[in-house]
Amino acid sequence: MEPVLQLAGVNKTYRIGDEQTRALVDFDFDVSAGEFVVVTGPSGAGKSTLLHIAGGLDAPDTGVVSVNGQDVWSVSAGARAAFRRRNLGFVFQFFNLVPMLTAVQNVSLPLVLDGTAARVADARAEALLERVGLGDRTGHRPAELSGGQMQRVAVARALVAGPSLILADEPTGNLDSHSSAEVLDLLRSLSDEDGAAVVMVTHDRTAASYGSREVHLVDGHARADDVAAGER
Ligand SMILES: Nc1ncnc2c1ncn2[C@@H]1O[C@H](COP(=O)(O)OP(=O)(O)OP(=O)(O)O)[C@@H](O)[C@H]1O
Ligand SMILES: [Mg+2]
């Protein structure tokens, strides 16, 4: 079966003045449906760069990025944005919710932007908020929610279009251990039960233990001794 995410020969170098940083070096990476890949590595190793490139937010200098067999950079910016909204879900460390909108409006927003009728989008958002345990918080704005609740709203938003690829950058970085466990259980259920491909960057060993596979990045390279979670 074709991988959901495929990076082949990806290089990314950032230049500021004379300074060059090779954030990803000859990088190959495949993620299949149902996998929960954890990306670890020291600060500056290229983890966020990897997620931005995998998600079509940042262009590789060389190499190919495919999601569901679609070469992400062979289409126009508009087509890429629409493709992202339909196939990918992003979860960030700082939640990135819209402060003025309620939980249900935050979750339904990607569908509304894609032309779905508000009534249909809100019904879907409410069902997802129910799934993440926030059925009783649908009318709360972000400032009226706890950190763990905000992140569960963000996960619900990432799921609203039924994406096959979920990318999460330090999703538990601002959460206490209880809220972290809730978010990690949720992410794992997306790969285990929904068959999504999940890629999560984390610094936290407990969070990393939820993955089905770990890729350890150092200086833009995957370390050779990647370990399957079950073998640790
Ligand atoms: N827009 C940019 N311009 C210049 N250099 C950048 C840019 N983005 C990232 N870098 C550099 O590229 C390297 C990889 O950055 P990246 O953000 O991917 O690291 P990271 O592994 O996510 O680190 P952290 O764990 O601290 O989040 C770093 O050395 C960083 O300074
Ligand atoms: Mg980072």
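## The open sheet

In this predicted model, four strands are arranged as an open sheet in the order β2-β1-β4-β5, with antiparallel pairing. The edge positions are taken by β2 and β5 (70-71); each has a single partner strand, so one side of each is left without a neighbour in the sheet. Strands of a sheet in general pair through backbone hydrogen bonds, in either a parallel or an antiparallel sense.

Between β1 and β2 the antiparallel pairing extends over nine bridges. Within this part of the sheet, Leu7 stands opposite Phe29 of β2.

## Helix α1 against the sheet

Helix α1 packs on the sheet, where it touches β1, β2 and β4 (62-67). The direction of α1 makes about 120° with that of β1.

Of the eight residues of α1, six are buried, so the helix is largely enclosed by the rest of the structure. These buried residues are Lys47, Thr49, Leu50, Leu51, Ile53 and Ala54. Just after α1 comes Gly56, which takes a positive phi of about 70°.

## Surroundings of ligand 1

The shell around ligand 1 consists of Tyr14, Ile16, Thr21, Ala23, Gly41, Ser43, Gly44, Ala45, Gly46, Lys47, Ser48 and Thr49. Two or more of these residues come from each of β1 (5-16), β2 (19-31) and α1 (47-54). The largest share, three residues, is provided by α1.

By residue character, the shell around ligand 1 divides into seven polar, four nonpolar and one charged. Two residues of this shell, Lys47 and Thr49, are also among the buried residues of α1.

## The largest nonpolar core

The largest nonpolar core has 65 residues, of which Ala156, Ile166 and Val198 touch the most other members. Helix α5 (residues 147-159) gives the most to this core, contributing seven residues.

Leaving aside neighbours within four places in sequence, Ile166 is in contact with Gly89, Val91, Ala158, Leu187, Leu190, Ala196 and Val198.

## Positive phi in the loop between β6 and α3

Most residues other than glycine have a negative phi. Phe95, in the loop between β6 (88-91) and α3 (103-113), has a positive phi near 70°. Asn96 lies in the loop between β6 and α3 and has a positive phi of about 55°, although it is not a glycine.

The surroundings of these residues can be described separately. Phe95 has 21 other C-beta atoms within 10 Å and is therefore buried, the cut-off for burial being 20 or more. Asn96 has 13 such atoms within 10 Å and is partly exposed.

Terms used:
Residues are numbered from 1 along each chain as its sequence is written. Chains are lettered from A and ligands numbered from 1 in the order in which they are written. This is a predicted model: local features need pLDDT of at least 70, side-chain atom pairs count only at pLDDT 80 or more; totals for chains, interfaces and linings use all residues. A nonpolar core is a set of buried Ala, Val, Leu, Ile, Met, Phe, Trp, Tyr and Cys residues joined through C-beta atoms within 7 Å. A residue is buried if 20 or more other C-beta atoms lie within 10 Å of its own, exposed if 12 or fewer, and partly exposed in between; C-beta atoms are placed from the backbone. Two residues are in contact if their C-beta atoms, placed from the backbone, lie within 7 Å. A residue is near a molecule or strand if its C-beta atom, placed from the backbone, lies within 6 Å of it. Ala, Val, Leu, Ile, Met, Phe, Trp, Tyr, Cys and Pro count as nonpolar, Asp, Glu, Lys and Arg as charged, and the others, Gly among them, as polar. Two strands pair if DSSP finds at least two bridges between them. Axes are lines fitted to C-alpha atoms, for helices over the stretch in contact, and angles run from 0 to 180 degrees between N-to-C directions.
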